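Colleague: Before I use this model, I would like to go through the terms applied to it. Please give the value behind each one.

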Amino acid sequence: MMPDLFLEERRHIILSPGAILLGGFALNDAEKLLVQIDHLATFSPFRHMITPGGKIMSVAMLSSGTLGWVSDQKGYHYTHTDPKTGKSWPPLPPEFLALAQNAARSAGYHDFKPDSCLVNRYVPGARLTLHQDKDERDQTAPIVSVSLGLAAYFLWGGLQRHEHIKRHKLFHGDVVVWGGHSRLAFHGIAPLEEEIHPLTGSIRYNLTFRKSG
Ligand code: SIN
Ligand code: FE2
């Protein structure tokens with residue numbers, strides 16, 4: 001585990017205009033959030049989606065909220081129902097919503113009303129290649145992204161795919177918020193290293209809150 005002193009030092013880091021890393025922001029809620037993730041997975045199981053190019057994603061996902069992000073051979077899109085169960089996605093747990101809104105507010109986004117939370121599950125070796133979050137109809141709202149469990153390197157670029165990429169290590173409880181000029185910044189997650197976290201073992205979870213509709 002990281003010593004508290006180090007946490008203090010990395011409290012708030014501006015990644016680019018409109019984008020901020022809130023170090024440890026979700027630490028106090030982390031255990032509750034992990035319980036909720038397990039609960040959500042009993043309604044909508046984690047699954048490895050297929051990219052439009054036909055590859056199986058190394059990250060397993062589920063969604064909650066009125067809309068859920070899915071990838072399949074037709075492309076990336078939002079749906080009202082879980083294609084795996086044929087039912088609505090499970091509703092956003094109140095703890096999730098409160099945390100996302102508090103984090104957005106701390107980053108200067110006061111009216112964040114997410115309708116979707118994508119839960120990503122990574123094991124060592126899993127990664128998310130560089131991409132923009134641009135499947136949302138409303139791109140004025142920020143993105144709130146919560147890291148739990150194993151640490152990972154967040155790749156943070158610019159508005160063009162080939163702009164210089166910086167790496168920021170995201171630890172259990174860290175939250176990244178990006179909007180405004182950085183809303184469409186390229187980002188990704190480098191392949192996870194083999195490690196063990198005291199709460200999640202060899203797993204990293206990420207909650208991505210978005211206003212999609
Ligand atoms: C994402 O970009 O959708 C997830 C980022 C992360 O896992 O931290
Ligand atoms: Fe993303």
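Modeller: What follows takes the terms in turn, for a model that is predicted.

Colleague: What makes the protein as compact as a globular protein of that length?

Modeller: There are three helices and 13 strands in the protein. Its radius of gyration is 16 Å, and the globule rule gives 17 Å for 213 residues; the two are close, so the protein counts as compact for a globular protein of that length. Along the principal axes, the C-alpha atoms fill a box of roughly 45 × 35 × 35 Å.

Colleague: Why is His187 called buried?

Modeller: Buried means under 20% relative accessible area. His187 has 4%, so the term applies. Of the 213 residues in the protein, 53% are buried. The accessible surface comes to about 10200 Å², with 55% of it belonging to carbon and sulfur atoms.

Colleague: Which residues coordinate the iron ion (ligand 2), and how do you know that they are donors?

Modeller: A donor here is an N, O or S atom within 2.8 Å of the metal. NE2 of His131, OD of Asp133 and NE2 of His187 lie at 2.1 to 2.2 Å from the iron ion (ligand 2), so they meet the cut-off. Water is not among the atoms, so the site may look incomplete. The donor spacing in sequence is H-x1-D-x53-H. Distant parts of the chain are linked by the pair His131, in strand E7 (residues 128-131), and His187, in strand E12 (residues 187-189), which are 56 residues apart.

Colleague: Why are strands E1 and E3 said to stand at the edges?

Modeller: The open sheet has seven strands in the order E1-E2-E11-E8-E13-E6-E3, paired antiparallel. Strand E1 (12-16) and strand E3 (60-65) each have a single partner strand, so one side of each is left without a neighbour in the sheet. Neighbouring strands are turned by 20° against each other on average, direction ignored.

Colleague: How do you know that E8 and E13 pair?

Modeller: Pairing requires at least two bridges. Six bridges join strand E8 (residues 143-149) to strand E13 (residues 204-210), and the two run antiparallel; therefore the requirement is met. One of the bridge partners in E13 is Asn206, opposite Ser147.

Colleague: What packs on the sheet?

Modeller: Helix H3 (residues 94-106) does, touching strands E2, E6, E8, E11 and E13. The direction of H3 makes about 120° with that of E8.

Colleague: What share of the contacts with a separation of 6 or more joins residues 24 or more positions apart?

Modeller: Such residues account for 73% of those contacts in the protein.

Technical notes. Residues are numbered from 1 along each chain as its sequence is written. Chains are lettered from A and ligands numbered from 1 in the order in which they are written. This is a predicted model: local features need pLDDT of at least 70, side-chain atom pairs count only at pLDDT 80 or more; totals for chains, interfaces and linings use all residues. Side-chain values use heavy atoms; hydrogens and water are left out. Helices (H or I, at least four residues) and strands (E, at least two) are DSSP runs, numbered from the N terminus. Axes are lines fitted to C-alpha atoms, for helices over the stretch in contact, and angles run from 0 to 180 degrees between N-to-C directions. Contact means heavy atoms within 4.5 Å. Donors are N, O and S atoms within 2.8 Å of the metal (3.2 Å for Na, K and Ca); water is not among the atoms, so sites may look incomplete. Buried means under 20% relative accessible area, exposed over 50%, partly exposed in between (1.4 Å probe, protein chains only). The radius of gyration is taken over C-alpha atoms; the globule rule is 2.2 Å times the number of residues to the power 0.38. Accessible areas come from the Shrake-Rupley method with a 1.4 Å probe; for residues, only the protein chains shown count as cover.
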